[in-house]
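User: Could you walk me through the pocket and the helix packing of this model? I'd like short answers with the reasoning included.

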Amino acid sequence: MKYDVRFACGHTEGIQLYGKTADRERKIAYYEQHGMCSRCYAEQREAEKADKAEANRAAAAESDSKAKDRGWPSLNGSDKQIAWALQIREEKYNTAQQAIRQVASMPIPADKLAEAIANTNARINQIISTKTSAAWWIDNRQTRVDRLFNS
C-alpha cells in the first residue's frame, strides 16, 4: 500500500509499504521520528562521499609528502588508489627494513653482511623508484616482501 509520510527531515514523500497493518504503522512512526526522505538521504550520502574524498586527498598528500622526503616518486592513479597504495608501499618498506635488521643480527661475516644489506636496499629502492602505478602496489599488497623486492 502507498502512504504519504512526513519524514523527520520535514519533507513528505509517498512510500510503498507491505506487510501487516501493525508493521506498516510501526514503520511510518519510525520514518516520522527518525527517517529521511529520499532526497535528503541522497544529499547526506553525497556529503559523506565528498568528505571521504577530501579525507583521501589529504591522506594521499600527507603520505606523498613523506615519500618525497625519502626521495620516492609520486604514484599515479585516483586519489583513493594513491592514498591506499602509499600506505601499502610504506608498510612494505618498513617490513623489508625490519627483515634487514633481523638479518643484521645474525652471526654472518661483516663483509658479506654489509654487501647483502647494500644489495637488498638497492633492490628495494629500485622497485620503489620504478613502480609508480598505485594499481601495482594494490595488486601486490598480498605479496610477501622477499618476493616483492626480489622479483
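Happy to help: the questions below cover the pocket and then one helix pair.

User: Which helix gives the most residues to the lining of the largest pocket?

Analyst: Keep in mind that this is a predicted model. Helix H3 (79-104), helix H4 (110-130) and helix H6 (145-148) each supply at least two lining residues. With 7 residues, the one that gives the most is H3.

User: Which residues that line the largest pocket are the closest to its centre, and how much space lies in it?

Analyst: The lining has 16 residues, and the closest to the centre are Ala-96, Ala-99, Ile-100, Thr-120 and Asp-146. By class, the lining divides into 9 nonpolar, 5 polar and 2 charged residues. The space in this pocket comes to about 290 Å³.

User: Are H2 and H3 parallel or oblique to each other?

Analyst: The axes of helix H2 (residues 38-69) and H3 come within 8 Å of each other and cross at roughly 40°. Angles under 35 degrees would count as roughly parallel, and 65 to 115 as roughly perpendicular, so this crossing falls in neither class. That makes H2, relative to H3, oblique.

User: Which residues meet where H2 contacts H3, and how many of them are charged?

Analyst: H2 and H3 cross in a left-handed way. From H2 come Asn-56, Arg-57, Ala-59, Ala-60, Ser-63, Asp-64 and Ala-67, which meet Asp-79, Lys-80, Ile-82, Ala-83, Leu-86 and Arg-89 in H3. By class, the contact has 6 nonpolar and 2 polar residues, and the number of charged ones is 5.

Key. Residues numbered from 1 in each chain as written. Predicted model: local features only at pLDDT ≥ 70, side-chain atom pairs only at ≥ 80, totals over all residues. Heavy atoms only, no water. 1 Å grid on protein atoms, 1.4 Å probe; cavity = no way out; pocket = protein on both sides within 12 Å on 5 of 7 lines; lining within 4 Å. Points joined across faces, edges and corners; volume = space filled by probe spheres on them. Helix = DSSP H or I, 4+ residues; strand = E, 2+ residues; numbered from the N terminus. Nonpolar A, V, L, I, M, F, W, Y, C, P; charged D, E, K, R; others polar. Axes fitted to C-alpha atoms, helices over the stretch in contact; angles between N-to-C directions. Parallel < 35°, antiparallel > 145°, perpendicular 65-115°, else oblique. Left-handed = near helix turned anticlockwise from the far one by under 90°. Contact = heavy atoms within 4.5 Å.
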